[in-house]
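Work through the exercises below with the sequence and the 3D view open. Try each task before reading its solution.

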Amino acid sequence: MSRSQRKDRPRRGKPNLADQARKAVSEGEGRKSFYASYFTPAAIRETLESVIIALVAAFLLRAFVVEAFVIPTGSMAPTLMGRHKDVTCAKCGYSYRVNASPEMDEQERPTGLGVISGTCPMCRFTMDLSTENTLKKSFPSYSGDRILAGRANYELGNPRRWDVVVFEFPLNASVNYIKRLAGLPDETLRIQYGDVWIKPEGAAEFALCRKPPGKILAMMQPVYDNDYVLPEMVRKGWPMRWTSAEGGWKASDDLKSFSINGTAAGEAWLEYEHAVPGYEDWAFRVGLLPVPPQPPRAQLVSDFTAYDTNVNWRVGSPGGGFGQPLPRAFPEGFGQQPNAPALGLNWVGDLVVEFEADVKGESGQLAVELVKGGHPFLCELDLKQGTAELTIPGRQGARPKSTTGIRGPGKHTVRLANVDQQLLLWIDGRLATFDGPTTYEMEEVNTTVPNREDLRPVRIGSQGAGMEVRHLKVLRDIYYIAVKARTEDAPPRVMCDFDPSAPDYPYTTLSQDRVARFFSSEAQWGVFGERRSVQFELGKDEFFMLGDNSAESKDSRLWGESQHYVSRDLLIGQGLVVYWPHSWHRIPGTPIPFPFFPNFSRMGRIR
């Protein structure tokens, strides 16, 4: 991470002297009178004093309060954006961002590379982002988020776990990095099953390090948003993500919402199936393949991140570097095939579902279920009593209950999370409080190996309740990949949790088709129980850092065994706010140019 360029600050002038000078000129006293009134010894002294005071104030502000930085890379995406391209999918209309940091080096000099493709996280259509795309659209690269970091936060107090922290890179103190703080002094930290485990000094066992609810919300990453469903593709034979196998739920004409009248006996379930189109599916649809591939099959949810689907191309450089001719432009703005690792190589079982429920009646039940490792984690909302009740596998007879629920007719936003072995419920943005623990341990329920139930990991049910559900979103937690480099120059070849020397290593042949078959073939999933773990010991005043974009983050895991920590003296401050993302240069939603129009949606506090 590099420091932003400092900008000149406006000087604080003396309005009385300036007004007198302007008045002198306007009254015809002439040039001599103007200079005589404005450049008197007193005026010069006052101006110099103002400049000196402004410079001292700026220095003190920078040294002791806040400092501005620019994010150069995508190691903290999607929390913070490095250099990137903003893309709106030509098929489903979803807006996402693609990493463009390969186009510049650490000194912001062109590398000769250009990002020519990126893949939508919703419909998986790969967009041609090159200058030769058949949509005749421009996809410029934008610089990273500009943030403010608070120096005083760590001068007056200790860093807290899960803070976003700016620090000097231990292997090169002239370079600044920004990561999320995961390990504290005098701890042993373990990464396993996508989570962080902590053993404080003197403790006998590791304990799962659970993120606070606010951090979970800040770090969620999209899996699927049903507002971007493609009805025309469903009608051509593509599987729907949300279906009602047992009937009862009826889809709207645009397939964006589902309703049930609540008169049927028993429960009726609406289920999410992670049936993801592949590159060949879209290649056939745009006319590049003569024969249709096999229909998309349901897969496990992976740690796919659209930001990492960038395809780079040697386009040359202003310094005279030779480039390569761009590949042939495909119809409908279809781009080049992304690399197989960009599909996500790790199963993510920690999921969140969010939707709006428009309840029509006074009674009945609304149920929400998340599956992990084949085990159902259930939340039942009694619409007559206005209560919520949880069922956690392995907890015999224990059903935590909350009075934060839904009572009678009305529209409500419901969000249920199963993250870090903890169930959390929000109703209309309010976190529900239960009368018993909503956490669970691996000794109670082992969720490390998926089964066929994980192919449909999210369900919404009705029993005697009429309602309509819309704005259905499935999200996932960050998956921390258990890798460890012996030296900074020896990163792992493949960023996954599996031992490449094991006989059942699933990625010996690494291709898109191989990855898709692995995530849809239950017979191969036993290897998930053998995922490796890595450990790191921290001493006094040593901190362990992780990036939110775990597959593309050069963080403490990859600095080498001898320097996997950041010492206290290298901490600069806590990331506070994104004060200036890249400008839009137009009025959003219109082609009307507007230089430096603020990107308000990405401004705000860093969580």
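A residue is called buried when its relative accessible area is under 20%, exposed when that area is over 50%, and partly exposed in between (1.4 Å probe, protein chains only). The model is predicted: local features need pLDDT of at least 70, side-chain atom pairs count only at pLDDT 80 or more, and totals for chains, interfaces and linings use all residues. Residues are numbered from 1 along each chain as its sequence is written, and side-chain values use heavy atoms, with hydrogens and water left out.

**Exercise 1. Cysteines**

Task: Decide whether Cys-123 is buried or exposed, and find the closest cysteine sulfur to its own.

Solution. Step 1: Cys-123 has a relative accessible area of 6%, so Cys-123 is buried. Step 2: the closest cysteine sulfur is that of Cys-89, at 3.5 Å. Step 3: a disulfide is a pair of cysteine sulfur atoms within 2.5 Å. The distance from Cys-123 to Cys-89 is therefore too far for a bond. Step 4: Cys-89 is also buried, because its relative accessible area is 4%. Step 5: by the disulfide rule, the count comes to zero.

**Exercise 2. Whole chain**

Task: State how many helices and strands there are in the protein chain, and what percentage of its residues count as buried.

Solution. Step 1: helices (H or I, at least four residues) and strands (E, at least two) are DSSP runs, numbered from the N terminus. The protein chain has eight helices and 34 strands. Step 2: of its 607 residues, 51% count as buried. Step 3: a contact means heavy atoms within 4.5 Å. Among contacts in the protein chain between residues at least 6 apart in sequence, 70% join residues at least 24 apart.

**Exercise 3. Two open sheets**

Task: Give the strand order of the open sheet that contains S3 and of the one that contains S5.

Solution. Step 1: two strands pair if DSSP finds at least two bridges between them. Strands of a sheet pair through backbone hydrogen bonds, either parallel or antiparallel. Step 2: one open sheet has three strands in the order S4-S3-S7, with antiparallel pairing. Its edge strands are S4 (95–99) and S7 (141–142), each pairing on one side only. Step 3: strand S3 (residues 84–88) pairs with S4 over five bridges, and His-84 stands opposite Asn-99 in S4. Step 4: three strands in the order S6-S5-S19 form an open sheet, again with antiparallel pairing. Here S6 (126–128) and S19 (311–314) are the edge strands. Step 5: strand S5 (residues 113–119) is joined to S19 by four bridges, and the bridge partner of Ser-117 in S19 is Val-311.

**Exercise 4. Two charged residues**

Task: Locate Arg-160 and Glu-67, then decide for each whether it is buried or exposed.

Solution. Step 1: Arg-160 lies in the loop between helix H4 (152–156) and strand S9 (164–169). Its relative accessibility is 53%, so Arg-160 counts as exposed. Step 2: leaving out residues up to four places away in sequence, Arg-160 touches Leu-181 and Gln-574. Step 3: Glu-67 lies in strand S2 (residues 66–70). With a relative accessible area of 3%, Glu-67 is buried.
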